[in-house]
Amino acid sequence: MTDLPAILAQTPADRPVLIAGPTGSGKSALALALAERAGGIVINADALQVHAGWRILTARPGPDEEARAPHALYGHVPPRTRYSAGHWLREVRPLLRAGPRPIIVGGTGLYFAALTEGLAPIPESPERIRAAAGRLSPDALRAGIDAETLARIDTANPARLRRAWEVRQATGRGLAAWQDDTPPPDLAPDA
């Protein structure tokens, strides 16, 4: 890639850049070109690329590319370790405040939404509650979820039902109440 798109070339050096899209679309090459030409740190926003050992499968930048510009949040989580959008958001925050311009690149939409829309600080569910949710039928899960949350979630999605049930059991509050208390985003889009 020899030329940066005009909009990136004109972006002030102190502004973060977010590059999202599917695997193989050239996001990483664009981020690296921007970091090399205009300065910055390339920050991973791909849920699979955070895990160690998945470099080839996830099209993670190679060591030669990572050596050409600073990179962060790539391959730093051991395999089979639980890692959520909340974990990622907590790790990206210090990178937004210090050092070179953040160039956030990846394909995990939830990471971008958490960054630009905010994320409710819901505590993790204890393993015993997650295990109990896995043993319940959809009807039993629905019975343990408050009406406001039920009205907001896809009740045909088993993962959504389990998560809403877990949150209610673990915290005593419905998922909807947690979402209503979502703090402002870390990177609010310009109006």
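How much area does the protein expose, and what share of it do carbon and sulfur atoms supply? The exposed area is about 10500 Å², of which carbon and sulfur atoms supply 55%; accessible areas come from the Shrake-Rupley method with a 1.4 Å probe, and for residues only the protein chains shown count as cover.

This is a predicted model, in which local features need pLDDT of at least 70 and side-chain atom pairs count only at pLDDT 80 or more, while totals for chains, interfaces and linings use all residues. Residues are numbered from 1 along each chain as its sequence is written, and side-chain values use heavy atoms, with hydrogens and water left out.

**View 1. Ten helices and four strands make up the element list of the protein.** From the N terminus, the order is α-β-α-β-α-β-α-β-α-α-α-α-α-α. Helices (H or I, at least four residues) and strands (E, at least two) are DSSP runs, numbered from the N terminus. The C-alpha trace spans about 60 × 40 × 25 Å along its principal axes.

**View 2. Side chains alternate along strand E1 (residues 17-20).** Val17 and Ile19 point to one face and are buried, whereas Leu18 and Ala20 point to the other and are not. Buried means under 20% relative accessible area, exposed over 50%, and partly exposed in between (1.4 Å probe, protein chains only). In a regular strand, side chains alternate between the two faces of the sheet.

**View 3. Strand E1 pairs with strand E4 (residues 102-106) in the parallel sense.** Four bridges join E1 and E4; two strands pair if DSSP finds at least two bridges between them. Val17 stands opposite Ile103 in E4.
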